[in-house]
Amino acid sequence: MSPKPASSLALDLACQDIFSRIQAESSTLVGPEEDEASDQNDLSRNLRHALAIEKAISETIERLTQQLHEDAVKLLRRHNSLLPIQKLPPEIGSTIIFHELDGIAKHNRLHRVIQLSSVSCWWRAIILDTPTMWNIIHSTDGKHLVPLALERSRDAPLTIAQYGRYTLRDLTYNDLSSMDENDFLDLVEPHILRWRDAEFNHAREGPIVERQLLPDLRRFHLLLSASAAAEIPNLTFNFRGQAERLSDLKLSHLPIPMGSLVQMLMDSPRLEVLELESLIMLNTTAESESDNRGTSDTERTSPINLPHLTSISLRSLPSKMMVPLLSSLGAPNLQDVAIEHDTKFQSDVIEEPSTLQAGPFTIYTSRLIQESTAWLSVLLDSSGLTLSNYTETQCRYEIRLKGGHSTLLRWLRHRCIPQLTKVCNIHLEFAANFDGDGADDVLTENLIRLAKVKSLRLRSHSEAWRWVWLLSLPEAMPASALNSWLWPNLTELTLDGRTINEVATLSMVLGRYGHCGSTGKEVSRPCRLHDLKVVNGEDSWRSEVVQRIRGIIGTENFKFCTEE
């Protein structure tokens with residue numbers, strides 16, 4: 001055992017003994033013949049005394065330092081207890097702490113709670129007594145924090161978030177060690193009745209999809225990794241039970257029977273946000289028998305009434321899943337619609353022109369266009385076309401169709417637009433990457449016969465010059481057309497000054513608005529341009545040509561602008 005810390009009197013006596021010994025030895029003349037053994041004994045004895053004194057001093061300093069620290073802590077606690085903030089009710093204190101936690105990401109929240117609990121005893125008492133500060137649990141919290149949070153959250157509703165490894169780009173290297181999915185579920189599953197918000201991103205393990213949605217669940221996101229369905233045999237996700245309070249549902253790359261999905265939507269009357277992406281449709285025995293009997297998807301799908309649904313996103317769904325959903329969905333309060341479909345892989349969504357009756361997808365698209373606004377935006381890019389709002393409206397929609405331009409434009413012209421009961425102006429836009437089948441006669445034929453093209457934007461694609469040239473011709477349209485000019489209702493035109501120069505633009509303006517045709521017969525004139533914009537041409541276009549263009553269409557109708 002170590003000796004007790006020396007008192008000040010013992011230290012004084014020890015020091016006096018050492019000094020007296022040193023003085024006695026210094027006053028004696030030591031001759032060369034003196035016994036060396038005696039000297040070594042004296043040195044050893046003195047060294048032991050010195051080490052004992054050093055140890056006693058160190059222990060005394062340590063004791064005094066510890067006592068000083070304890071006194072300082074008591075003083076600080078006494079000082080903090082007298083601060084005005086300590087007199088606030090715990091409810092106000094917890095509100096202050098919640099404001100601090102509002103801006104903290106889920107994967108850092110528990111770590112921040114631990115830090116805040118170390119600020120003071122009062123803060124720690126408040127945090128430990130507030131279960132809702134511990135109810136956001138992330139898979140990156142680790143095995144040491146997740147059980148602690150589950151215990152301290154008591155009966156509070158839980159927010160569960162799980163991410164696959166290396167899927168959170170904003171995390172540090174240490175945080176990226178996300179818990180194994182099964183280990184995480186083993187910890188949180190006993191508390192499943194408290195789940196209110198469950199999010200599983202880039203999941204790969206089978207047990208996740210076997211969990212049953214709960215009646216009290218408000219938000220559920222299950223995003224399976226793209227390769228999980230192929231790697232995990234017999235992977236199926238069946239929704240069971242009602243989710244009457246569910247307001248946000250997002251599923252991705254998930255194998256699921258159509259009947260399970262429809263039943264889930266029917267049992268979620270409060271659904272506000274629905275996102276379905278790249279689902280894999282599984283046929284149950286009953287569905288297979290219906291297919292064998294030739295029963296259509298529309299006939300066997302019950303109405304899905306979602307009066308609170310405001311946002312829907314359907315991306316890359318099988319046609320046998322998308323068509324029944326669109327045909328049976330009742331959502332009168334939609335504000336945001338996003339649909340993406342690849343007709344190269346699912347060709348039975350849009351109808352051929354020879355089809356006698358428009359299908360559910362065409363009817364749904366036409367209804368969106370009809371109810372939203374009198375303007376339709378048609379964007380052509382390298383992969384297909386996109387239909388969307390051109391002006392601000394209560395319901396925003398974007399229908400992205402991938403496939404051959406000729407097929408899609410033929411469907412738009414012969415199937416979709418004829419379903420409209422009121423006149424709809426068209427904004428036609430060619431993206432910069434439009435390789436279009438520019439030399440395709442079917443594509444050109446369908447484009448030039450698009451009625452009511454009132455706005456046109458030509459970006460810097462390789463075929464932009466073709467359309468400027470056609471706009472300048474008084475007889476660009478076939479003889480059977482009602483008007484010989486291409487798009488006679490055109491009043492808005494945007495060009496890219498790097499692709500179309502000032503001479504080509506002047507030629508178009510002169511041909512279209514400067515003089516009559518040279519054929520000698522009466523030619524109906526097109527509408528005059530109210531807005532001609534040129535992007536990226538102000539520094540390169542010659543001023544005298546620009547002045548000539550302004551003189552023809554009006555100074556107020558022509559302007560240069562920067563790229564949007």
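What volume does the largest pocket have? In this predicted model, the largest pocket has a volume of about 530 Å³. Its lining is formed by 21 residues, and those that lie nearest the centre of the largest pocket are Ile448, Arg449, Leu450, Ala451 and Lys452. When the residues of this lining are divided by class, 15 are nonpolar, 2 are polar and 4 are charged.

The second largest pocket has a volume of about 320 Å³. It is lined by 15 residues, of which Ala331, Pro332, Leu334, Glu371 and Cys395 are the closest to its centre. Strand β11 (329-330) and helix α13 (360-372) each supply at least two residues of the lining of the second largest pocket, and the largest share, 5 residues, comes from α13. The lining of the second largest pocket comprises 7 nonpolar, 6 polar and 2 charged residues.

Helix α13, which contributes to the lining of the second largest pocket, also packs against helix α14. The axes of α13 and α14 come within 11 Å and cross at roughly 75 degrees; since angles of 65 to 115 degrees count as roughly perpendicular, the two helices α13 and α14 are therefore roughly perpendicular to each other. On the side of α13, the residues that meet α14 are Phe361, Thr362, Thr365, Ser366 and Ile369, and their partners in α14 are Trp411, Arg415 and Cys416. The residues of this contact of α13 with α14 divide into 4 nonpolar, 3 polar and 1 charged.

Helix α14 (residues 405-416) has a further contact, with helix α15 (residues 441-448), where the axes come within 9 Å and cross at roughly 30 degrees. With angles under 35 degrees counted as roughly parallel, α14 and α15 are therefore roughly parallel to each other, and α14 passes α15 in a left-handed crossing. The contact involves His405, Ser406, Leu409, Arg410, Arg413 and His414 of α14, which are set against Val442, Leu443, Glu445, Asn446 and Leu447 of α15. By class, the residues of the contact of α14 with α15 are 4 nonpolar, 4 polar and 3 charged.

Another helix pair is formed by α3 (residues 90-102) and α5 (residues 121-128), which pack at an angle of about 90 degrees with their axes 10 Å apart. This angle makes α3 roughly perpendicular to α5. The residues that make the contact are Pro90, Gly93, Ser94 and Ile97 of α3, together with Trp122, Trp123, Ile126 and Ile127 of α5. The residues of the contact of α3 with α5 divide into 6 nonpolar and 2 polar, with no charged residue.

Conventions. Residues are numbered from 1 along each chain as its sequence is written. This is a predicted model: local features need pLDDT of at least 70, side-chain atom pairs count only at pLDDT 80 or more; totals for chains, interfaces and linings use all residues. Side-chain values use heavy atoms; hydrogens and water are left out. Axes are lines fitted to C-alpha atoms, for helices over the stretch in contact, and angles run from 0 to 180 degrees between N-to-C directions. Helices (H or I, at least four residues) and strands (E, at least two) are DSSP runs, numbered from the N terminus. Angles under 35 degrees count as roughly parallel, over 145 as roughly antiparallel, 65 to 115 as roughly perpendicular and the rest as oblique. A crossing is left-handed if the near helix is turned anticlockwise from the far one by less than a right angle, and right-handed if clockwise. Contact means heavy atoms within 4.5 Å. Ala, Val, Leu, Ile, Met, Phe, Trp, Tyr, Cys and Pro count as nonpolar, Asp, Glu, Lys and Arg as charged, and the others, Gly among them, as polar. On a 1 Å grid over the protein atoms alone, a cavity is a set of points where a 1.4 Å probe fits but cannot get out, and a pocket is an open set with protein on both sides within 12 Å along at least five of seven lines; lining residues have an atom within 4 Å of a point. Grid points are joined across faces, edges and corners, and a volume is the space filled by probe spheres set on the points.
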